[in-house]
Amino acid sequence: VVLNDKSGLRLNCFNLEQTSGDSNSSVCLQSFIKVTFHLFGKIFTHGKSGWGTDWYSCAARSCSSWMELTTSPDTYERHTFFACMWHNGSTGPAFIMNNINGRVYWYGGSCDYSSELAVITKGLLTFEGHIEYKNRTSPLIKINGDGEVKLGGLLAVLSDSGKYFLVEQYK
């Protein structure tokens, strides 16, 4: 499935949140399989009772962000990505994380020629895949608080023209 936002508005795709009922009912236990997102704003965000998603062989191209994890009641996110791609002209971080219980696990796949991979205030990002870029001037990952990142895989740097940090951390 290929989803294109041709409106020029940079629409957001999914905002999943429990608005009524038992607080132990999850709203975010979905799987996405072979979906490509093109020209969207945020692909996924959640609110109360956001528990996790699985993404298999999905791709995002020229989008603002893939996922934003916020601090909300009853959110224990475990979002897992298998053989996915964040690439080519995506204009913001794939992951914006601000939830101490938020976890993103990325296995295989790639982050190629994008402005940022993650901005983490609270949460954990494990990225094991292929990272490729050219003439980078800013950090790929920014940690602005109590965030953690674990990196593994291949890093391909083409035409590097200056000094920068792959991961930049402030507290």
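Rings of Phe, Tyr and Trp count as a pair if their centres lie within 6.5 Å, with the six-membered ring standing in for Trp. In this predicted model, that rule picks out 16 aromatic pairs. Take F37 and F40: the ring centres sit 6.4 Å apart and the planes meet at 80°, so this pair is edge-to-face. F37 is buried, at 0% relative accessibility, and F40 is buried as well, at 9%. F95 and W106 make another edge-to-face pair, with 6.0 Å from centre to centre and 75° between the planes. Here too both partners are tucked away from the surface: F95 is buried at 1% relative accessible area, and W106 is buried at 0%. These four residues belong to one aromatic cluster, made up of F32, F37, F40, F44, W55, W66, F81, W86, F95, W106 and F127.

Stepping back to the fold, the protein chain is made with 14 strands and zero helices, so to speak β from one end of the pattern to the other. Its radius of gyration is 16 Å, in agreement with the value near 16 Å for a compact globule of 171 residues. Along the principal axes, the C-alpha atoms fill a box of roughly 55 × 40 × 25 Å. Of the 171 residues, 44% count as buried. Contacts reach well along the sequence: taking those between residues at least 6 apart, 62% join residues at least 24 apart.

Two salt bridges turn up in the model. In one of them, K42 pairs with E68, and the closest N and O atoms are 2.5 Å apart. K42 belongs to strand β5 (residues 42-46) and E68 to strand β8 (residues 65-69), so this bridge ties together parts that are 26 residues apart in sequence. K42 is partly exposed, with a relative accessible area of 26%, whereas E68 is buried at 18%. The other bridge links K142 to E116, with 3.6 Å between the closest N and O atoms. K142 sits in strand β13 (residues 141-158) and E116 in strand β12 (residues 116-134), so this pair also ties together parts 26 residues apart in sequence. As for cover, K142 is partly exposed at 27% relative accessibility, and E116 is buried at 13%.

Strand β11 (residues 93-112) is home to Y107, and S110 lies in strand β11 too. S110 is buried, with a relative accessible area of 6%. Leaving aside residues up to four places away in sequence, S110 touches C84, M85, W86, F127 and H130. Two of these neighbours, W86 and F127, are members of the aromatic cluster. Y107, by contrast, is partly exposed, at 33% relative accessible area. Together with I33, Y56 and F82, Y107 makes a nonpolar surface patch of about 350 Å². Membership of such a patch calls for over 30% relative accessible area, so the 33% of Y107 meets the cut-off. For the protein chain as a whole, the accessible surface comes to about 8,100 Å², and 52% of that belongs to carbon and sulfur atoms.

How values were computed:
Residues numbered from 1 in each chain as written. Predicted model: local features only at pLDDT ≥ 70, side-chain atom pairs only at ≥ 80, totals over all residues. Heavy atoms only, no water. Patch = residues over 30% accessible without salt bridge, like charges linked within 9 Å, V, L, I, M, F, W, Y side chains within 5 Å. Areas by Shrake-Rupley, 256 points an atom, 1.4 Å probe, with all protein chains shown as cover. Salt bridge = Lys/Arg side-chain N within 4 Å of Asp/Glu carboxyl O. Helix = DSSP H or I, 4+ residues; strand = E, 2+ residues; numbered from the N terminus. Buried < 20%, exposed > 50% of the residue type's maximum accessible area, 1.4 Å probe, protein only. Phe/Tyr/Trp six-rings, centres within 6.5 Å; stacked < 30°, edge-to-face > 60°. Contact = heavy atoms within 4.5 Å. Rg over C-alpha atoms; globule rule 2.2 N^0.38 Å.
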